[in-house]
Amino acid sequence: MPKDYGIGASSKRREDVRFLTGRGQYTDDLSIHGQAHAVMVRSNVAHGKIVSIDTSAAAAMPGVLAVFTGEDFKDVGGNPAGWLIKSRNGEPMREPKRPVLAHGKVRHVGDAYAAVIAETYEQAKAAAQQIADDAVIDELPAIIDMKAAAADASNRVHDEIPDNICFDWGWIEDNRAAVDAVFKSAPHITTLELVNNRLVPNAMEPRASIGEYFPGTGDYKLTTTSQNPHLTRLLVAAFVMGIPENKLTVVAPDVGGGFGSKIYHYGEEALVLAAAKKLGRAVRWTAERSESFLSDAHGRDHVTKIELACEKDGTFLAFRTETYANVGAYLSNFSTATPTFLHGTLMAGPYKVPHVYVNVKTIFTNTAPVDAYRGAGRPEATFSLERVIDKMCRELGLDQFEVRRKNFITPDMFPYTTPVGLAYDTGNYQATLAKAIEMADVAGFDKRAAASKAKGRLRGMGLSTWIEACGIAPSHLVGVLGSRVGLYDAATVRVNATGNISVMVGAHSHGQGHETVFPQIVAERLGVPESSVEIVHGDTSKIPFGMGSYGSRSLAVCGVAMNKAIDKIVAKGKKIAAHMLEASEGDITFEDGKFSVAGTDKAKTFGEIAFSAYVPHNYPLETLEPGLEETAFYDPANFTYPAGAYICEVELDPDTGKVDVVAFHCADDFGNIMNPMIVEGQVHGGVGQGIGQALLENTTYDENGQLLTGSFMDYAMPRASDVPFYNVDYSCQTPCTHNPLGVKGCGEAGAIGSPPAVVNAVIDALHRGGMTHVTHINMPVSPGRVWQAING
Amino acid sequence: MQNFDFVKPATIAEAVKALNSGDAQALSGGQTLIATMKQGLAGAETLVSLTGIAEMKGVCQGDGGLHIGAATSHATVAREVATTYPALAKLAGGIGDPQVRNRGTVGGSLANNDPAACYPSGALASGATIVTDRREIAADDYFQGLFATALDEGEIITKVIFPIPEKAAYVKFEQPASRFALTGVFVAKFAGGVRVAVTGASNDGVFRWTEAEKALSANFSAAAISGLSVDAGNMISDLHGTAEYRANLVKVLTARAVTAA
Ligand SMILES: Cc1cc2nc3c(=O)[nH]c(=O)nc-3n(C[C@H](O)[C@H](O)[C@H](O)COP(=O)(O)OP(=O)(O)OC[C@H]3O[C@@H](n4cnc5c(N)ncnc54)[C@H](O)[C@@H]3O)c2cc1C
């Protein structure tokens, strides 16, 4: 019988009641007395010199309260990059200032160079249009193509950076010679050039921010769509505006999806705070969908050449990659970590390959900033690996399953240190592959292919055996690698006098379901009903200093911090119980919500202990503080390493090139599972995004830097009809060895593992149909591209 | 979006009068017009709603075929012609999503003449008659290129008369993002011959593929067009497909429409 309560139960998502009945409180739902409206003035050219911005006409328009330009912010700090990367030659990366509003130059279509605050949104919008009409911006040639950008020193996104290169990173540079030597003598080399397509995050809720200033105390408040309110506070207060952190509260209320794009601090957040102070009124801003397309941090955008050296029997000898990674016009907060330490370190996959070398050149272009997006670096690594392995299998006529098995790290080899610097603690890749093969009925494939053929369609099967690294840690290691922040998390468990519990967590839920899952753990550990536990998150004035949610870290880092705080609650409860029961502390046991004296029937319930902590009449006050509230910080000893095997089946219409995903099987190892239903939902969503990337989503800038796919008319999001009924399994479980919950994280897996499975399936279908001249099609594998590939 | 006045007349005469006084524009389902107004690409001082005019709504059998009021929604057409003209019902039922189908109208679609819209191919293949407040226009004379029609300033479509073919089918290949027609082909077989109208493909908007019509009039089977080829010369090329790809789709979809008819 499946559990109906606590750890491992599929408890229903309690937050969905408010989300699905329109009772959520998103930033834009809040209305503050006296609020004014901000509208940003955005560049319509990709690259231009700001000659003049005449704001006088706009300032005189009805309802206009204030106008800001880059000039107003030129003396405040820049929005920093959170990770310092060094180039192969030891030089630090180039870090141009990212201003609140563009100053001197505009650097991408959508780059905000002015803002209007007015009584109404319409008035602000009309005045913003006036400024756009009156501004004189001399258009400069746009820098769009990465390789051209790196080759042309005369045309610069940032005048002080001659070749538009942010850094040229080698991982691990000292291994390069050995890797090159392997390639010189390798019996077989497979080479693949591919593009990991740029994606627009498209969270359902656009970004929004409200700034408030309280002159009586000098306090500021920022309500904003953030995945990590403390990080946003640190950036906007300490780095950009120079406000003491204790004078700024950041609240991220209900947030409608982020996928990474709401990790980062954006200029609009500083703008509304500055405007609120200047006007003495709340100032609000909500992005229009077209602004989201132009100004949210995009994802992926790599151009990669990957080479695989192997024996004729498919035994891997080495991987070598050269990647051009687009950072766009400015460095967004995690943009330098994503193509490096979240990408290069995964380039051994789940394989015992002895040699790997990764080179990443990060390029500035006149496009929107690019940063972490669901999976962040790991999808790029997985796609390169799983595609080149698939190509190698075809070149050598080898069985794709057998080649994976031959090269997998085996369970007896853990802990296993890869040549790219990660130490995998545990795993069983054979088990997930075997499970996926069983789920997908691989044996019955030929029969299904024959049935498809009878309908004039080609059927193909694609495999991807992926691994990722979640819960980036430990802080001292990431510090050595260039991180400018720590990557711990924190939780406070406050047992109230009447025994119900508030848990303040540093993680932030923007769709994940923390409000459901975290109470399951508390309920299990303390023997209380789930419904008596409330999760508080998203408000820096209420929660401990945690780092928020991204990188599938909430449970594996913050959940473990909460678990540690619960340990402390239990320990203190035992002390109180020992006093009340007149026993020695060592004899107290805690089980099913009861503190008992071992071997007797003397016991106190959890509720009685809590009450005594707050009404300490019979209480050891000389040795123990009253109250029952504990905080814990947790800094993991290592990453966690979820892994799995995905098998995708497609049907392809050779006359139109249309690809339908007809089956998708996921065998994942996420370690221990807290709520199976939520895990399934996370995998469904991730695979949906992966199918979107593989088949549909195409962010295209033309050579002038205009975003051709700037609306849903041209940017294809996956819809229900584009995805199959997923077949999801998580029964292969190798619990994480270094956290007490044994959890690994499941939020990004689907988006990491699925794109190569889809593309491999398409290539398989074409090869089975005799079109063996097609060795690769870049994503999105659209009907037009498939047809073009077939027809040469 | 700029402010505008809104009037909702009850008769065609009142609507025409409102449209011909000052800066006024007809508003039907608003599924195109409102979106373009929000983008600042369209706008008028007065919007004249056509959806309150009873004589412009509904479907009935009449002289020359089905008479469909110009302000009839796609959803109503999909429902009401399901048995009388299934191919047209399928076309209407495949437009956008339920919200779009419940508001968008046949008159709005034909007046707008988006090069990727579905109705223009249905009207052209059916040899429909576009009836306006002042005249009747044959479909062959009505469509005049991208977003261009024979309508004069202030002229409104009041109804559309669709002759009912013996056999017909519409096959739409969706553009992956907008789900408009990347290319759509409507094939209609009448006693007097076959008409084939193609949308989404050409730089000149909806057009008749006359070679295929000739071949299919002689032999109404997919095989009849297997030897034909479509000139990619004037086809649309964009990020969703090249001109050659669209030329290919015209032929593939025509064959499929013939088979489906
Ligand atoms: C999300 C979405 C998806 C869509 N998908 C499709 C699709 O797959 N296929 C497809 O064909 N269409 C599609 N459409 C377009 C839809 O069919 C619109 O309804 C249609 O194009 C316009 O009709 P309307 O009644 O909304 O016209 P409106 O938007 O009200 O008007 C459009 C234009 O026509 C003029 N006009 C309106 N009625 C008349 C009239 N009777 N006489 C003269 N001029 C008139 C208006 O002045 C305006 O210039 C889609 C639209 C949306 C929003």
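A nitrogen atom of the ligand sits 3.3 Å from a polar backbone atom of Gly96(B). Keep in mind that this is a predicted model. Here's a quick tour of the ligand site, the salt bridges and one annotated domain.

**Ligand site**
- Besides that Gly96(B) contact, an oxygen atom of the ligand lies 2.7 Å from a polar backbone atom of Gly30(B).
- Thr105(B) joins in through its side chain, where an N or O atom is 2.6 Å from a ligand oxygen.
- On its own the ligand has 960 Å² of accessible area, and the protein covers 89% of that.
- Two elements of chain B give two or more residues to the shell: β2 (24-27) and α6 (106-112).
- Of these, α6(B) supplies the largest share, at 4 residues.
- In total, 31 residues surround the ligand, and Ala26(B), Gly30(B), Leu33(B), Thr105(B) and Cys118(B) are the closest.
- Sorted by class, that shell holds 15 nonpolar, 13 polar and 3 charged residues.

**Salt bridges within chain A**
- Over all chains, the salt bridge count comes to 63.
- Side chains of opposite charge can pair when their charged atoms come close.
- Glu71(A) and Lys74(A) make one such bridge, with N to O at 3.1 Å.
- Both ends get some exposure: Glu71(A) is partly exposed at 45% relative accessible area, and Lys74(A) is partly exposed at 37%.
- Lys361(A) bridges to Glu322(A), with the closest N and O atoms 2.8 Å apart.
- That pair ties together distant parts of the chain, 39 residues apart: Lys361(A) is in strand β15 (residues 355-364) and Glu322(A) in strand β14 (residues 316-328).
- Lys361(A) counts as buried because its relative accessibility is 11%, under the 20% cut-off, while Glu322(A) is partly exposed at 31%.

**Across the chains, and a network**
- Arg256(B) reaches Asp653(A) in a salt bridge whose closest N and O atoms are 2.8 Å apart.
- This one crosses between chains, from helix α10 (residues 243-260) of chain B to the loop between β26 (643-652) and β27 (659-669) of chain A.
- Asp653(A) is buried at 7% relative accessibility, whereas Arg256(B) is partly exposed at 31%.
- Elsewhere, salt bridges with shared partners join a set of residues into one network, including Asp441(A), Arg448(A), Glu649(A) and Asp660(A).

**Annotated domain**
- An unreviewed UniProt entry places "domain: Aldehyde oxidase/xanthine dehydrogenase a/b hammerhead" at residues 21-141 of chain A.
- Over residues 21-141 the chain is 15% helix and 26% strand, and the end C-alpha atoms are 49 Å apart.

Key:
Residues numbered from 1 in each chain as written. Chains lettered and ligands numbered in written order. Predicted model: local features only at pLDDT ≥ 70, side-chain atom pairs only at ≥ 80, totals over all residues. Heavy atoms only, no water. UniProt positions renumbered as here; feature names shortened; annotations may be inferred. Near = heavy atom within 4 Å. Polar contact = N/O pair within 3.5 Å; in protein donor to acceptor, adjacent residues only side chain to side chain. Areas by Shrake-Rupley, 256 points an atom, 1.4 Å probe, with all protein chains shown as cover. Nonpolar A, V, L, I, M, F, W, Y, C, P; charged D, E, K, R; others polar. Salt bridge = Lys/Arg side-chain N within 4 Å of Asp/Glu carboxyl O. Buried < 20%, exposed > 50% of the residue type's maximum accessible area, 1.4 Å probe, protein only.
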